[in-house]
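Colleague: Could you take me through the metal site in this model, one residue at a time? I'd also like to hear about the spaces in the protein once you're done there.

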Amino acid sequence: MDSVHIAELSWPVYDEKVKHGRTVVLLPIGALEQHGPHMSMNPDVLLPTAMAGRVARNIGALVAPAIAYGYKSQQKSGGGNHMPGTTSLDGLTLTSTIKDVLKEFARHGVRQVAMVNGHFENSMFIVEGVDLALRELRWEGIHDFKVVVLSYWDFVTEDTIRAIYPYGFPGWAVEHGGVLETSLMLHLHPQLVDMSKAVDQEPATFPPYDVFPTKPQWTPCSGCLSSAKPASAAKGKLLLEVCVEGISQQLRTAFD
Ligand SMILES: [Zn+2]
């Protein structure tokens, strides 16, 4: 029973690893969200989980089961919450879930957590959940609980961007169901990708504002915001390596 995944450990093994507060816990957080006709709906969960597993082995950390539902898909970054399949939480539910899980880890003795985000729309709700947890822990006299919040795509280096997008980088916002996620999925979970269904399309363009209710016609029919056609398993391998290396290095420093 020697796994980096908390859920695969018995409680005494887990207890031994975390009760002294020195072991970092990585908490992946994603979404159930459409990612185009060519891909499963779980890349936002599977990709940060895969990275967290590798980072955990590099730095001697543990990985908690992912939070598998996320904040509502936004039209200009995820196609929109009107899309079939996309299944989202209200902000309050998500922040409460994060707060509850963090406080439980604190009760076990954990003092160092890294939130590994795979779904752009979660970002500020993660910050809010962390803030509420830290505030309540302070009320309970716990002042040494530390949380790092990161999104994996922020660890893709400029050199890697040039190698992956030789024809020009469209920007992370329209990468939904595009080259980044599709390449990583082709490398890690090829059985969940069908490139024969990938749509060749120009990156989506939007006005410089959001509107509610959303206008479904703004979202390309495929649900993707850019083309996944140039994706490949080789690009996915490169992206995985650079993210795992970058996250491992930064967490070593952050948790010292
Ligand atoms: Zn995604």
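Modeller: One term before we start: a polar contact here is a pair of N or O atoms within 3.5 Å, and within protein one of them must be able to donate a hydrogen and the other to accept it. Keep in mind, too, that this is a predicted model.

Let's go in through His35. You'll find His35 in the loop between strand S1 (24-29) and H2. Is His35 buried or exposed? Its relative accessibility is 0%, and buried means under 20%, so His35 counts as buried. The side chain of His35 reaches the backbone oxygen of Glu33 at 2.7 Å. There's also a side-chain link to Asp44, a polar contact of 2.9 Å. Leaving aside residues up to four places away in sequence, His35 touches Ser40, Met41, Pro43, Asp44, His176, Gly177, Glu181 and Cys224.

Two names in that set, Asp44 and Glu181, come back at the metal. The zinc ion has His35 (NE2), Asp44 (OD) and Glu181 (OE) as its protein donors, at 1.8 to 2.0 Å. Read along the chain, the donors follow the spacing H-x8-D-x136-E. Asp44 and Glu181 bring distant parts of the chain together: Asp44 sits in helix H2 (residues 43-59) and Glu181 in helix H7 (residues 179-188), 137 residues apart. Asp44 is buried, with a relative accessible area of 2%, and Glu181 also counts as buried, at 6% relative accessibility.

Now for the pockets. The largest pocket holds about 220 Å³ of space. Its lining takes in 16 residues, and Ser77, Phe120, Trp153, Trp172 and His176 lie nearest its centre. His176 is a name you've met already, as one of the residues His35 touches. By class, the lining of the largest pocket divides into 6 nonpolar, 5 polar and 5 charged residues.

The second largest pocket has a volume of about 160 Å³. Among the residues lining it are Tyr167, Gly168, Pro170, Glu175 and Val179, along with Asp200, Gln201, Glu202 and Pro203. Ser226, Ser227 and Pro230 also belong to the lining of the second largest pocket. That lining has 5 nonpolar, 4 polar and 3 charged residues.

As for enclosed space, the count comes to 1 cavity of 30 Å³ or more, with about 30 Å³ of space in the largest cavity. Gln74, Gln75, Lys76, Asp210, Val211, Phe212, Thr214 and Trp218 line it, which by class gives 3 nonpolar, 3 polar and 2 charged residues.

Phe212 leads on to a backbone detail: the peptide bond from Phe212 to Pro213 is cis, with omega near -5°. Pro213 has its place in the loop between H7 and helix H8 (233-255).

One more backbone point, from the segment after H8, where Asp256 lies. Asp256 has a positive phi of about 35° although it is not a glycine. Unlike the zinc donors, each of which counts as buried, Asp256 counts as exposed, at 86% relative accessibility.

Definitions and conventions: Residues numbered from 1 in each chain as written. Predicted model: local features only at pLDDT ≥ 70, side-chain atom pairs only at ≥ 80, totals over all residues. Heavy atoms only, no water. 1 Å grid on protein atoms, 1.4 Å probe; cavity = no way out; pocket = protein on both sides within 12 Å on 5 of 7 lines; lining within 4 Å. Points joined across faces, edges and corners; volume = space filled by probe spheres on them. Nonpolar A, V, L, I, M, F, W, Y, C, P; charged D, E, K, R; others polar. Donors = N, O, S within 2.8 Å, 3.2 Å for Na, K, Ca; no water. Helix = DSSP H or I, 4+ residues; strand = E, 2+ residues; numbered from the N terminus. Buried < 20%, exposed > 50% of the residue type's maximum accessible area, 1.4 Å probe, protein only. Contact = heavy atoms within 4.5 Å.
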